[in-house]
Amino acid sequence: MFVVKYRKLFYALSAILVIASLYAMSIWGLNPGIDFKGGSIFEIEYASSTPPIQSELVSKLSILNLKESIRQTGTNGYIIRMRAISQEEKTVLTNILTSNGTVKVIEKRFDSIGPVLGTEALRKSITSIILVILAIVLFISYAFRHVSKPISSWKYGLVAIIALIHDVIIPAGAFSILGHFKGYEVDTLFVTALLVVLGFSVHDTIVVFDRVRENLSHGADNTKMHKEFDQIVGESIGQTFTRSINTSLTPLLALIVLYFVGGTSTQHFSLALIIGIVAGTYSSVFLGSPLLVTIWKWQEKRKMKEKGKNMIK
């Protein structure tokens with residue numbers, strides 16, 4: 001199949017995306033939400049059709065020393081992110097925003113998290129991602145434990161690690177860029193999206209791997225199997241290609257609708273899932289399975305070199 005034949009092109013595309021993502025994260029980092037760094041978030045909407053401009057709000061709130069950042073949402077709303085504030089400070093803030101009650105303001109959301117809880121949430125989020133990847137790899141290694149030829153079962157797990165890291169880095173890089181230019185934040189919903197993506201991606205990967213295993217078991221003999229492993233992988237990808245695309249397309253359609261009609265928090269969550277599912281589907285079909293062929297070819301070249309050395313001796 002063309003996926004195996006042109007695998008180096010797909011490797012190059014993945015490498016470009018991963019390097020660009022790592023570069024963005026190294027330069028701009030991720031913009032942590034209050035879930036991770038602590039603080040308060042206050043989302044409001046002015047009932048008037050002519051809300052105050054953003055510079056006016058900045059000027060009014062400067063006396064409170066909230067270390068705030070203000071971003072407009074919709075036509076009449078604002079999202080204000082600031083340090084953690086008490087109920088008394090919130091009352092003062094509300095009075096300023098409503099001009100002491102003369103302007104009607106609708107409170108849509110208010111959340112406040114202390115810095116200790118934020119740090120703990122960040123640590124648990126990182127731990128959960130690592131544990132999920134480890135559990136997935138152990139499962140794949142166990143599920144394919146009887147597959148030893150032409151490549152060992154643990155190498156299926158190694159390929160899965162590469163694919164899963166690929167699927168985590170690309171959404172993280174995208175949100176690093178969006179965080180720098182659009183103010184997108186990374187919160188626990190983003191981590192939830194990554195965990196969903198990992199599960200979704202490994203499902204697609206296992207479907208292709210399992211078809212490879214079935215086709216290997218139907219091989220005539222080990223010698224023929226070794227010579228035709230790249231063909232077997234290509235056929236396996238072709239047999240599961242339509243299923244992988246359709247499986248991903250169904251939730252993508254729902255997520256695209258959610259992105260355009262949902263609120264701010266669900267928009268970011270759905271966008272992370274959209275990017276992650278696309279990356280995960282790509283890695284399962286165009287990265288993970290072709291890597292099996294690349295590993296096999298490396299093994300064959302090494303065997304040929306060793307055989308040549310033995311003949312010289």
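1. In this predicted model, Gly-183 comes just after helix α7 and takes a positive phi of about 80 degrees. The helix that ends before this glycine can be checked for its length: α7 has 30 residues, which at 1.5 Å a residue should span 44 Å, and because its end C-alpha atoms are 44 Å apart, the expected span and the model agree.

2. A second glycine with a positive phi is found in the hairpin of β2 and β3, where three residues lie between the strands and Gly-74 has a phi near 70 degrees. On either side of this turn, the two strands pair in the antiparallel sense over five bridges, with β3 covering residues 77–82. Within this pairing, Thr-73 stands opposite Gly-77 of β3, while Gln-72 has Tyr-78 of β3 as its bridge partner.

3. The hairpin belongs to an open sheet of four strands, which pair in the antiparallel sense and follow the order β2-β3-β1-β4. The edges are taken by β2 (69–73) and β4 (105–113), and because each of these has a single partner strand, one side of each is left without a neighbour in the sheet. On average, and with direction ignored, neighbouring strands of the sheet are turned by 15 degrees against each other.

4. Which strands does helix α5 lie across? This helix, made of residues 87–97, lies across β1 (39–46), β3 and β4, and it runs at about 30 degrees to β1.

5. Turning to the empty space in the model, the largest pocket holds about 320 Å³. Its lining consists of 16 residues, and those nearest the centre of the pocket are Leu-30, Ile-126, Ile-129, Phe-190 and Leu-194. Helices α6 (115–143), α7 (153–182) and α8 (188–217) each supply at least two residues of this lining, and the largest share, six residues, comes from α6.

6. What classes of residue make up the lining of the largest pocket? A student who colours the lining by class will find 14 nonpolar and two polar residues, but no charged ones.

Technical notes: Residues are numbered from 1 along each chain as its sequence is written. This is a predicted model: local features need pLDDT of at least 70, side-chain atom pairs count only at pLDDT 80 or more; totals for chains, interfaces and linings use all residues. Side-chain values use heavy atoms; hydrogens and water are left out. Two strands pair if DSSP finds at least two bridges between them. Axes are lines fitted to C-alpha atoms, for helices over the stretch in contact, and angles run from 0 to 180 degrees between N-to-C directions. Contact means heavy atoms within 4.5 Å. On a 1 Å grid over the protein atoms alone, a cavity is a set of points where a 1.4 Å probe fits but cannot get out, and a pocket is an open set with protein on both sides within 12 Å along at least five of seven lines; lining residues have an atom within 4 Å of a point. Grid points are joined across faces, edges and corners, and a volume is the space filled by probe spheres set on the points. Ala, Val, Leu, Ile, Met, Phe, Trp, Tyr, Cys and Pro count as nonpolar, Asp, Glu, Lys and Arg as charged, and the others, Gly among them, as polar. The expected span of a helix is 1.5 Å times one less than its number of residues.
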